[in-house]
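Me: I'd like to get better at reading a fold from its numbers. Could you walk me through one?

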Amino acid sequence: MESIDRALRVIGLLAQRGEGWSLEELAVASGMPKSTLHRVLSSLRHRGFASQPEPNGVYLLGPAALESAFGFYERLDVRVLAGPLMGALAARYGETVHLAVLSGADVVYVDKQEGAHPVRMSSTIGGRNPAYCTGVGQALLSALLPDDAAVHDWVQRHGPLAARTPATVTSADILARRLAHARSRGYAVDLGENEAGVHCVAVPLVLAGQAPVGAVSVTAPASRLPRSRLARLGTEVRDLTASLVAGAELSPAPPRRRSPR
């Protein structure tokens, strides 16, 4: 077990620095004697999880680590990872929980769990809705689009933003402000923008710093989820998501400061 722990610690360190590490730097950072560290690195190099392009040069994360990570990411079934989280959210709040992924300018619902108070709505597994007017869509866009300029570019490519309800955001400027708020808080809200009288809060799910693999939302009629509850529920869902998915190395996108235009 100790040898496995050492190898994992070294892989973790190699992943933190793209320019590589000298043996001396790795020894200091890992707290391992150089002789022990050298044996670990030799084993990792043999398996392709570490590389040393030049003799006596720096050590880098090896191609096997990258192939494993990206291969897993490409074949990831987000429903397996998010299933326990969805069950916990549905049990805690008694409301409908959705899991959605981005497909072009739309979101596709890939899973859904009814709570104790199911709400009639158009979302079905396999169904699509425009990303800009749904909570899960705005959560995903807030994690994918880093600033207002990126939002305006997205709207130019995928617009115009058609009104689904009187509350639908149809302006690039307003959508940019909404997504900036979502980035700063770590969750997005839907105020009846896709379906009148239905509110939700949504959190993007990010795997190992990559693009979001999906988003989860808690959805309820506005009568049970009024505006006055949105901030508290959004914070709770964000924090509960963080605690429940940490073991799967899945985390909600962290709140980010708004970038100036």
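Reply: Sure. Keep in mind that this is a predicted model. A handy start is burial: of the 261 residues in the protein chain, 47% count as buried. On the outside, the chain exposes about 13100 Å², with carbon and sulfur atoms supplying 54% of that.

Me: What are the secondary structure elements, and how many of each are there?

Reply: The protein chain has nine helices and nine strands. As for sequence range, take the contacts with a separation of 6 or more: residues 24 or more positions apart account for 57% of them.

Me: Now a single residue. Is S30 buried or exposed?

Reply: The general idea is to compare the relative accessible area with a cut-off, and buried means under 20%. S30 comes out at 9%, so it is buried. S30 sits in helix α2, residues 23-30. Leaving out residues up to four places away in sequence, S30 touches R9, L13 and L37.

Me: And helix pairs? At what angle do α7 and α8 cross?

Reply: For a pair, look at axis distance and angle. The axes of α7 (residues 148-158) and α8 (residues 172-185) come within 9 Å and cross at roughly 130 degrees. That angle is why α7 counts as oblique to α8. The crossing is right-handed.

Me: Which residues make that contact?

Reply: From α7 you have D148, V151, H152, W154 and V155, and from α8 A172, D173, L175, A176, L179, A180 and R183. By type, the residues of this contact divide into eight nonpolar, one polar and three charged.

Notes. Residues numbered from 1 in each chain as written. Predicted model: local features only at pLDDT ≥ 70, side-chain atom pairs only at ≥ 80, totals over all residues. Heavy atoms only, no water. Helix = DSSP H or I, 4+ residues; strand = E, 2+ residues; numbered from the N terminus. Buried < 20%, exposed > 50% of the residue type's maximum accessible area, 1.4 Å probe, protein only. Contact = heavy atoms within 4.5 Å. Areas by Shrake-Rupley, 256 points an atom, 1.4 Å probe, with all protein chains shown as cover. Axes fitted to C-alpha atoms, helices over the stretch in contact; angles between N-to-C directions. Parallel < 35°, antiparallel > 145°, perpendicular 65-115°, else oblique. Left-handed = near helix turned anticlockwise from the far one by under 90°. Nonpolar A, V, L, I, M, F, W, Y, C, P; charged D, E, K, R; others polar.
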